Amino acid sequence: MRKTLILAILLGGIAATPLAAQSGNINARVDKLEKEFRAVQRKVFPNGALVEAEIMPETTAGPPPGTPASAPLADLTQRVDALESQLAALTGQSEQNAYQIRQLQDQVKKLVADAEARAAAEAPAAPAVAPTLPAAGGRPPATAAAEQPAADGIARPSTGDEADDGYVYGFRLWQAKRYGEAQTELKTVVDKFPQYRRASFARNLLGRAYLDDNKPALASVAFYDNYQKLPKGERAPDSLYYLGVSLTQLKKPADACKVYEELQDVYGATLSASLKTMVADGRKKAKCTA
């Protein structure tokens with residue numbers, strides 16, 4: 001009898017040991033999973049965790065007496081295995097999303113660099129400036145230079161409003177097809193007076209001066225800048241249209257078509273009849289699909 005009791009105690013100890021070890025192993029895996037799950041959530045949802053772990057306490061009644069203790073433990077093990085698989089899939093998706101975002105950022109940087117390179121290539125070289133001497137009759141050089149445009153039939157306004165005078169003078173130069181001088185004058189207005197009441201007009205006309213001077217890359221930068229900075233400006237729709245024209249000249253018809261779609265989506269209901277006709281012609285030249 002005593003030997004039977006001792007044997008039962010020994011067998012009980014042997015059976016209990018692996019169950020305790022398994023339970024400890026499961027607890028360690030759950031702790032590890034919770035830490036990894038929180039780390040992934042912080043990466044995927046930086047503003048706060050939106051997903052809760054799915055290891056929940058059992059809500060059903062406990063097993064009937066005599067049921068082996070290993071059944072609930074085996075069930076928990078299966079659930080932990082499943083959660084580990086889900087966590088691995090979520091981690092992989094997070095890494096894939098991060099990689100795709102990096103690719104998009106690289107593409108945007110390349111597009112910006114290409115546009116800046118084209119703009120730099122098209123920028124006119126600064127002319128050599130010879131030392132200025134007083135003009136004949138003792139007139140200062142500034143006075144002689146101011147008289148020269150007037151002699152050419154293009155007078156600079158002098159109303160006391162520096163920004164408006166510069167814009168009107170730039171417009172007159174553009175009308176006279178003196179595009180290089182118009183670009184200089186209008187760029188001064190745009191850079192010096194960003195809050196000018198006709199800023200949308202000045203930015204759009206600067207783009208027109210570049211476009212008419214066969215500088216579509218510089219023109220595209222000016223037109224996009226006007227639309228981006230002054231989307232509610234009077235000439236923002238015109239700038240989007242001419243941006244499409246510039247991109248077509250740069251042999252980027254697909255991008256031009258996207259611009260025309262943007263123009264229609266944002267300003268379609270307010271476009272004038274003449275601008276609608278121009279857009280239709282621009283889409284035709286870019287071979288945009290309906």
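Mentor: Welcome! Before we start, one definition: an angle over 145 degrees between helix directions counts as roughly antiparallel, and one under 35 degrees as roughly parallel. Keep in mind, too, that this is a predicted model.

Trainee: Thanks! How many helices does the protein chain have?

Mentor: Follow the chain from its N terminus and each element you meet is an α, in the order α-α-α-α-α-α-α-α-α-α. Strands number zero in the protein chain. The count of helices is 10.

Trainee: Are α6 and α7 roughly parallel or roughly antiparallel to each other?

Mentor: Two packed helices are described by the angle between their axes and the distance between the axes. Here α6 covers residues 199-212 and α7 covers residues 216-229, and their axes come within 7 Å and cross at roughly 165 degrees. That angle is over the cut-off of 145 degrees, and therefore α6 and α7 are roughly antiparallel.

Trainee: How many residues of each class, nonpolar, polar and charged, are in the contact of α6 with α7?

Mentor: On the α6 side, the contact includes Leu-206, Gly-207 and Arg-208. From α7 it includes Ala-222, Phe-223 and Asp-225. By class, the contact has nine nonpolar, four polar and four charged residues.

Trainee: And which way do α6 and α8 run, roughly parallel or roughly antiparallel?

Mentor: Helix α8 holds residues 236-249, and its axis lies 10 Å from that of α6, at an angle of about 20 degrees. That angle is under the cut-off of 35 degrees. Therefore α6 and α8 are roughly parallel.

Trainee: Which residues in α6 meet α8?

Mentor: Begin on the α8 side, where the residues met include Ala-236, Tyr-242 and Gln-249. The whole contact divides into four nonpolar, five polar and two charged residues. From α6 come Ser-200, Asn-204, Arg-208 and Leu-211.

Trainee: What is the handedness of the crossing of α6 and α8?

Mentor: Compare the other pair first: α6 passes α7 in a left-handed crossing. For α6 and α8, the crossing is left-handed.

Trainee: How far apart are the end C-alpha atoms of α7?

Mentor: Helix α7 has 14 residues, and at 1.5 Å a residue they should span 20 Å. The model agrees with that expectation, because the end C-alpha atoms of α7 are apart by 20 Å.

Trainee: What percentage of the residues of the protein chain count as buried?

Mentor: In α7, the buried residues include Pro-216, Leu-218, Phe-223 and Tyr-227. Taking the 290 residues of the protein chain, the buried share is 29%.

Notes:
Residues numbered from 1 in each chain as written. Predicted model: local features only at pLDDT ≥ 70, side-chain atom pairs only at ≥ 80, totals over all residues. Heavy atoms only, no water. Axes fitted to C-alpha atoms, helices over the stretch in contact; angles between N-to-C directions. Helix = DSSP H or I, 4+ residues; strand = E, 2+ residues; numbered from the N terminus. Parallel < 35°, antiparallel > 145°, perpendicular 65-115°, else oblique. Left-handed = near helix turned anticlockwise from the far one by under 90°. Contact = heavy atoms within 4.5 Å. Nonpolar A, V, L, I, M, F, W, Y, C, P; charged D, E, K, R; others polar. Expected span 1.5 Å × (residues − 1). Buried < 20%, exposed > 50% of the residue type's maximum accessible area, 1.4 Å probe, protein only.
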